[in-house]
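Q: Please take a close look at one part of this model: the aromatic rings, and the side chains that meet around them. Start with the rings, then set them in the wider chain.

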Amino acid sequence: ALAWGAEWLTLLTDAGLKVDDIAKRIKFNMGISPNYFMEIAKFRAARMLWAQIVEQYKPECKCACKMMVHAATSKFNQSIFDAHVNLLRSQTETMSAALAGVDSITVVPFDTPYKTPDAFSERIARNQQFLLKEESHLDKVVDPAGGSYYVETLTVSLAQEGWKLFLDVEDKGGFFKLAGEGVIQAAVNE
C-alpha cells in the first residue's frame with residue numbers, strides 16, 4: 001500500500017502537482033483482521049511510514065504527512081453457525097481500528113455470511129461504531145494505545161519490516177512494474 005501511494009506521489013509530482021495537494025487526497029483502504037494488537041500496530045506503523053515517505057517530497061505543510069485511512073471489518077472469520085458471535089468479532093476489530101486512529105470504519109453486518117443484511121443488522125453495525133465513539137469516547141483521546149510497551153514494540157517491529165518491503169519494491173522498479181509482472185500479487189497470496 002505504501003509503495004502504491006509513493007508511486008502515485010511520484011507520478012503526480014512529476015506531472016507538476018504539489019505534494020501537499022496530492023498527499024491530502026490519497027486515502028488508504030485497509031482490512032481489519034481479528035488479531036487485535038497486531039491490527040493496532042499495523043495502522044500505527046503505516047501512519048509512521050507514510051509520514052516518512054511524504055516527508056521526502058518536501059511538503060510545505062507537515063499536515064500533508066497525515067495518512068488518511070479507511071478500515072473495514074473482515075468477512076472471512078464470520079460464522080454461519082452462530083451469527084451473534086460475529087458481533088463480538090466485528091466489535092473487537094472495530095475497536096482495534098478505532099484505537100489505532102483510523103479516519104473511518106465500515107463494520108460488516110453480523111448476518112452477512114448467510115443472507116443479505118437487513119435494516120436491523122445494518123443498524124447494529126452502525127451502532128457498534130457509535131458505542132465506541134459516544135459511550136467509550138475513543139474519539140476523544142489522541143493516541144489511546146500510545147505508551148503501551150507491547151503496542152509500541154509491535155508497531156516499531158512492523159514499521160521496520162514494512163520499510164524493508166517498501167525499499168525492496170522500490171529497488172525492483174516500483175509498485176506498478178512489479179504489479180504488472182505479478183510479483184505483488186504473488187507476495188500477497190504467499
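**Rings, charges and their surroundings**

A: The charged end of Lys42 is placed over the ring of Phe43, at 4.7 Å from the centre of that ring. This and everything below is read from a predicted model, not from an experiment.

Next come the rings that pair with each other. A pair of aromatic rings is described by two values, the distance of the centres and the angle of the planes. By the rule used here, the count of aromatic pairs comes to 8. One of them joins Phe37 and Tyr150: the centres lie 5.3 Å apart and the planes make an angle of 85 degrees, so the pair is edge-to-face, a label that needs an angle over 60. Phe37 belongs to helix α3 (residues 36-55) and Tyr150 to helix α6 (residues 149-171), so this pair ties together parts that are 113 residues apart in sequence. Are these two residues buried or exposed? With a relative accessible area of 38%, Phe37 is partly exposed. Tyr150 is also partly exposed, at 48% relative accessibility.

A second edge-to-face pair is formed by Phe175 and Phe176, with 6.0 Å from centre to centre and 70 degrees between the planes. The two partners fall into separate classes of exposure. Phe175 counts as buried because its relative accessibility is 11%, and buried means under 20%. Phe176, at a relative accessible area of 30%, is partly exposed. Phe176 is part of helix α7, which covers residues 175-181.

Phe175 and Phe176 also belong to a wider group. Ring pairs link them with Trp4 and Trp8 into a cluster. Several of these names return when the surface is considered. There, Trp4, Trp8, Leu11 and Phe176 make up a nonpolar patch, and together they have about 390 Å² of accessible area. Which helix supplies the largest share of the patch? Helix α1 (residues 2-14) does, with 3 residues.

Helix α7 also carries a pair of charged side chains. As a general point, side chains of opposite charge can pair when their charged atoms come close. In helix α7, Glu181 and Lys177 meet in a salt bridge, with 3.0 Å from N to O. These two residues are 4 apart in the helix, which means that about one helical turn separates them. Glu181 is partly exposed, with a relative accessible area of 49%, and Lys177 is partly exposed as well, at 42%. Elsewhere, Arg44, Asp143 and Glu152 are joined into one network by salt bridges that share partners.

How many salt bridges does the structure hold? The number is 11. One of them connects Asp103 with Lys66, whose closest N and O atoms are 3.0 Å apart. Asp103 is in the loop between α4 and β3 (104-106), and Lys66 is in the loop between α3 and β2, so the bridge ties together parts that are 37 residues apart in sequence. Asp103 is partly exposed at 36% relative accessibility, and Lys66 is partly exposed at 43%. Another salt bridge is formed by the side chains of Asp118 and Lys115, again with 3.0 Å from N to O. Asp118 has a relative accessible area of 30% and is partly exposed; Lys115, at 36%, counts as partly exposed too.

A residue in a loop gives a contrast to these charged pairs. Gln78 lies between β2 (68-73) and α4 (83-100). With a relative accessible area of 11%, Gln78 is buried. Leaving aside residues up to four places away in sequence, Gln78 touches Asn86, Arg89, Val108, Pro109, Phe110, Thr112 and Pro113.

Finally, the chain as a whole. The protein chain has 8 helices and 3 strands, and along the sequence they follow the pattern α-α-β-α-β-α-β-α-α-α-α. Of its 190 residues, 37% count as buried. Among contacts with a separation of 6 or more, 69% are between residues 24 or more positions apart. The pair of Phe37 and Tyr150 also joins distant stretches of the sequence, being 113 residues apart. The C-alpha trace spans about 50 × 40 × 35 Å along its principal axes. The chain exposes about 11,000 Å², and carbon and sulfur atoms supply 60% of that area.

Conventions
Residues are numbered from 1 along each chain as its sequence is written. This is a predicted model: local features need pLDDT of at least 70, side-chain atom pairs count only at pLDDT 80 or more; totals for chains, interfaces and linings use all residues. Side-chain values use heavy atoms; hydrogens and water are left out. Patches are made of residues with over 30% relative accessible area and no salt bridge: like charges are joined within 9 Å, nonpolar side chains (Val, Leu, Ile, Met, Phe, Trp, Tyr) within 5 Å. Accessible areas come from the Shrake-Rupley method with a 1.4 Å probe; for residues, only the protein chains shown count as cover. A salt bridge is a side-chain nitrogen of Lys or Arg within 4 Å of a carboxyl oxygen of Asp or Glu. Buried means under 20% relative accessible area, exposed over 50%, partly exposed in between (1.4 Å probe, protein chains only). Contact means heavy atoms within 4.5 Å. Rings of Phe, Tyr and Trp (its six-membered ring) pair if their centres lie within 6.5 Å; planes under 30 degrees apart count as stacked, over 60 as edge-to-face and the rest as tilted. A charge sits over a ring if NZ of Lys or CZ of Arg is within 6 Å of the ring centre and within 35 degrees of the ring normal.
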